[in-house]
Amino acid sequence: MSCRRSPGGRPAARRFTAVCLAAVAASGIARAHQAQPPQPDPAREHRLAWFRAAKYGLFIHWGLYAIPAGEWHGRRCPGLGEWLMNRCQVPVREYEQLAARFNPVKFDADAWVQLAQDAGMKYIVITAKHHDGFAMFKSNASSYNVVDATPFKRDVLKELADACARRGMRLGFYYSQSQDWHEPGGAGNTWDFGPDLGPDGRERKDYDGYLRSKAEPQVRELLTRYGPVALIWFDTPRSMTPERGQRFATIVRTLQPSTLIDGRLGTEGDYRSTGDNVVPDAASGLAWETPATINHTWGYRTDDTDWKAPGTILFKLIDIVSKGGNYLLNVGPMADGLIPQASQANLRTAGRWLRVNGEAVYAAGPSPFGEEFGEYSARGALDVRGQKLFLPQTEWRVTAKPGRLYFTFFNEPRAPFAIPAMRNRVTRVYRLADGVDVPFSAGGDGRTTFTLDRPMPDPMATVVVVAYEGSAVRR
Ligand code: FHN
């Protein structure tokens with residue numbers, strides 16, 4: 001992936017690039033394999049139309065790692081649940097025995113889709129194959145899959161695809177194209193198969209053999225057996241040269257030209273993926289997405305119950321939308337097929353808010369202002385990456401539609417609250433939730449003020465709509 005500054009951006013806008021790139025580096029995606037920034041492309045814009053409107057998606061990390069759930073032979077493995085095999089250096093021959101125990105009899109695809117709908121999410125992305133190499137779908141390319149290797153014998157992706165089709169939910173597949181710890185030629189398993197690269201930096205494994213015999217055929221299977229695929233979410237493009245990345249892109253474009261490619265293939269994708277849980281400090285008009293955890297892991301761990309509260313989820317969603325991005329928020333189902341109840345409850349609470357206030361989110365564009373995001377330290381302080389320290393503000397955010405601005409307050413604003421200067425005449429100010437007018441007055445300095453009732457009608461987040469003349473803000 002790569003992140004590029006928006007042309008002519010204000011100082012805050014310039015922050016998008018640095019934060020994005022640093023986050024990518026931190027998430028283990030080598031700079032050398034960042035994709036080139038997408039060139040203007042009408043076909044891509046057409047593909048992206050639904051994605052830009054959707055704004056909010058459900059990420060699902062589910063696989064064999066849900067069984068150990070962070071613990072191997074009584075020892076807690078540090079880090080992400082889905083990285084257990086790597087972090088505890090579990091040999092393939094041991095780890096693959098988990099398949100014989102995978103029998104999630106409580107898995108109900110319709111219930112998962114219902115959760116996404118209740119949460120107000122517009123697309124789902126599920127791990128078809130994560131770095132452990134286990135496919136959650138029937139595959140002819142490898143018998144290490146949920147149908148052939150488990151007592152469950154059900155094709156999880158097929159059931160989810162059917163439920164999504166029934167319920168009008170878009171479905172995309174996460175596919176770890178590069179790391180595959182089950183295969184001698186895949187990247188990442190150094191404990192069974194030795195280092196990926198020799199001391200001279202050259203590849204030591206038959207990586208292309210793995211790509212051609214497993215990864216590429218499996219991506220073809222995903223694109224031919226499950227109906228329309230909204231997107232393929234590639235990840236950690238180690239050793240993904242542009243030529244290798246292009247092979248995947250060609251498969252996607254040939255089999256399903258409307259399918260989106262995320263920003264982590266290793267060659268140009270359709271949109272930018274930030275680092276995990278990273279939200280840039282500024283807006284961008286280019287399509288982008290933040291993948292994020294609802295606790296601190298993607299795959300289920302019994303010891304991580306630190307769920308983000310509904311108010312936090314809503315702040316992050318609206319913060320991201322006000323900067324032009326999408327929020328792909330993850331849940332980690334358990335080995336029995338259920339999604340932890342507490343995470344469901346928080347998602348549903350946020351979803352109830354969205355049912356009332358969704359107009360401020362879905363298909364909304366970024367803020368025309370930017371000063372509300374925060375500012376650089378006036379004392380010239382540096383952050384941990386040695387870059388100018390950005391001090392974020394989290395009091396309110398703005399999202400936009402033609403002729404309308406949506407001010408979402410997360411704390412009671414000053415009374416009166418002065419909206420940033422704009423030349424358009426404000427015609428009406430009202431609360432989105434109940435349509436009640438909010439008194440406003442135009443100041444001589446071009447700043448309209450309004451006063452919101454106290455206490456704030458919805459303490460979690462209250463949206464005030466500012467209607468104005470014209471379709472775009474003039475400053
Ligand atoms: O290594 C993976 C990780 O397990 C998880 O899937 C995340 C989701 O964005 N991606 C990688 C790390 O960035």
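In this predicted model, glutamate 82 places a polar side-chain atom 2.5 Å from an oxygen atom of the ligand. Tryptophan 83 does likewise, with a polar side-chain atom 2.8 Å from a ligand oxygen. For aspartate 276, an N or O atom of the side chain is 2.7 Å from an oxygen atom of the ligand. The ligand on its own has 320 Å² of accessible area, and the protein covers 97% of that.

The shell around the ligand holds 14 residues, of which His61, Glu82, His131, Asp235 and Asp276 come nearest. By residue class, the shell divides into five nonpolar, five polar and four charged residues.

Helix H2 runs over residues 42–54. Its 13 residues reach 19 Å from the first C-alpha to the last, close to the 18 Å expected at 1.5 Å a residue. H2 nevertheless has a kink of about 45 degrees, centred on leucine 48. Leucine 48 is also one of the buried residues of H2; the others are Arg44, Arg47, Trp50, Phe51 and Ala54. An α-helix has 3.6 residues a turn, so residues three or four places apart point the same way. Arg44, Arg47 and Leu48, and likewise Arg47, Trp50 and Phe51, are among the buried residues that can be inspected with this spacing in mind.

Both ends of H2 have features of their own. At the N-terminal end, aspartate 41 acts as a cap, with a side-chain oxygen 2.9 Å from the backbone nitrogen of alanine 43. After H2 comes lysine 55, which has a positive phi, near 70 degrees.

Most residues other than glycine have a negative phi, and most peptide bonds are trans. Besides lysine 55, with its positive phi, the backbone has further departures from this pattern. Histidine 73, not a glycine, has a positive phi of about 50 degrees. Histidine 73 sits in the loop between strand E2 (71–72) and strand E3 (75–76), and is exposed, with a relative accessible area of 69%. Asparagine 277 has a positive phi of about 60 degrees and belongs to the loop between strand E8 (272–273) and strand E9 (288–293). With 37% relative accessibility, asparagine 277 counts as partly exposed.

Cis peptide bonds occur as well. One joins alanine 415 and proline 416, with omega about -5 degrees; proline 416 lies in the loop between strand E14 (404–409) and strand E15 (417–418). Another cis bond runs from arginine 454 to proline 455, where omega is near -5 degrees. Proline 455 is in the loop between strand E18 (448–450) and strand E19 (462–468).

Definitions and conventions. Residues numbered from 1 in each chain as written. Predicted model: local features only at pLDDT ≥ 70, side-chain atom pairs only at ≥ 80, totals over all residues. Heavy atoms only, no water. Near = heavy atom within 4 Å. Polar contact = N/O pair within 3.5 Å; in protein donor to acceptor, adjacent residues only side chain to side chain. Areas by Shrake-Rupley, 256 points an atom, 1.4 Å probe, with all protein chains shown as cover. Nonpolar A, V, L, I, M, F, W, Y, C, P; charged D, E, K, R; others polar. Helix = DSSP H or I, 4+ residues; strand = E, 2+ residues; numbered from the N terminus. Expected span 1.5 Å × (residues − 1). Bend = angle between axes of the 7 residues up to and from the residue. Buried < 20%, exposed > 50% of the residue type's maximum accessible area, 1.4 Å probe, protein only.
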